Amino acid sequence: MVTYVMLQAFLQGAFELIFPDNCLLCRQFLNSRHQRQLCPHCLGSLAFNPNPFSRQSTSGSFAFDQAWSVCLYNEPAQKLLHAFKYNSKTSLSKTFVPLMIDFIDRHHVPVQLFDLIAPIPLHPVRLRERGYNQSALLSLALSRHYGISHSEDLLIRQKMTSSQTELGAKQRWTNMEGAFRIKNPSEVEGKSVVLVDDLFTTGATVHSAAETLKSAGAARVGALTFSITI
Ligand SMILES: [Zn+2]
């Protein structure tokens, strides 16, 4: 007798035969339905940040209190983040978020102690062009997993900044000055906020966002990024 489970397995197999998935990095066929985006080899080539990068504000150079980055920005991470940001590969959040959760849990990153989780926003013009904010895909999934309130429009990006990747270290800081404003200051006052972004390079972006939050009365600001430049 053909059971429902057998039929489902047959249909799944037929679907994968007709529409096989390829690894996003090496293009090898993925033959398991559990490997929808990366083959085990390419998934293993993403390097966790060995030091959970917790830079305190004691140096006086950063407005945030602590920052954590999950993976090193090695070549595979660069390719995946590029696809995530510029090629509409939004489904990559399903690969990134479990890695972030694994990192958070392993290093006891206290995300659950924050009142709010918020993404680094895109400028409205860039959001229209791209159609989504890649950092918001990560922060929303994390907020659901850890049961923290998500605020997508806590910060408004008011300055159309040029891409940070094209700028030198010093220019990155001036580029981000006054980049953000607070939509509703009462939402921020006395609150602890963890900011989420895809990449930490000099820290200028999260610093500027944290500075804006602190000037509106935020008690504590943390920053969690998927990747960090080596
Ligand atoms: Zn691969």
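**A friendly note on the zinc site, two loops and helix α6**

1. Start with the metal: four sulfur atoms hold the zinc ion, namely the SG atoms of C23, C26, C39 and C42, lying 2.3 Å from it. Please keep in mind as you read that this is a predicted model.

2. What is the geometry of the zinc site? The angles among the 4 donor atoms run from 102 to 117°, and the site is tetrahedral. For comparison, the ideal angle for four tetrahedral donors is 109.5 degrees.

3. Now look for the donors in the sequence, where their spacing reads C-x2-C-x12-C-x2-C. C23 sits in the loop between β1 and β2, while C42 belongs to helix α2 (residues 40–44), so this pair ties together parts that are 19 residues apart in sequence.

4. Are the donor cysteines buried or exposed? C23 and C42 are both buried. For C23 the relative accessible area is 0%, and anything under 20% counts as buried. C26 has a value of 37%, so this cysteine is partly exposed. As for cysteine pairs, a search of the whole structure finds 0 disulfides.

5. Two residues deserve a look at their backbone angles. Most residues other than glycine have a negative phi. R27, however, has a positive phi of about 70° and is not a glycine. You will find R27 in the loop between β1 (21–22) and β2 (29–30). Its relative accessibility is 49%, so R27 counts as partly exposed, the limit for exposed being over 50%.

6. The other residue is S88, also not a glycine, with a positive phi near 60°. Where is S88? It lies in the loop between α3 (75–86) and α4 (93–106).

7. Helix α6 lets you try a simple check. It has 13 residues (134–146), and at 1.5 Å a residue they should span 18 Å; the C-alpha atoms at its ends are 19 Å apart, so the two values agree.

8. Both ends of α6 have a detail to find on screen. At its start, a side-chain oxygen of N133 comes within 3.0 Å of the backbone nitrogen of S135. Just after the helix, G147 takes a positive phi of about 70°.

9. Which residues of α6 are buried? They are Q134, S135, A136, L138, S139, L142, S143 and Y146. When you look at this list, it helps to recall that an α-helix has 3.6 residues a turn, so residues three or four places apart point the same way. Try colouring the buried residues of α6, including L138, L142 and Y146, and turning the helix to view them.

Terms used: Residues numbered from 1 in each chain as written. Predicted model: local features only at pLDDT ≥ 70, side-chain atom pairs only at ≥ 80, totals over all residues. Heavy atoms only, no water. Helix = DSSP H or I, 4+ residues; strand = E, 2+ residues; numbered from the N terminus. Expected span 1.5 Å × (residues − 1). Buried < 20%, exposed > 50% of the residue type's maximum accessible area, 1.4 Å probe, protein only. Polar contact = N/O pair within 3.5 Å; in protein donor to acceptor, adjacent residues only side chain to side chain. Disulfide = S-S within 2.5 Å. Donors = N, O, S within 2.8 Å, 3.2 Å for Na, K, Ca; no water. Tetrahedral: all angles 85-135°; square planar, octahedral: opposite > 155°, others 65-115°.
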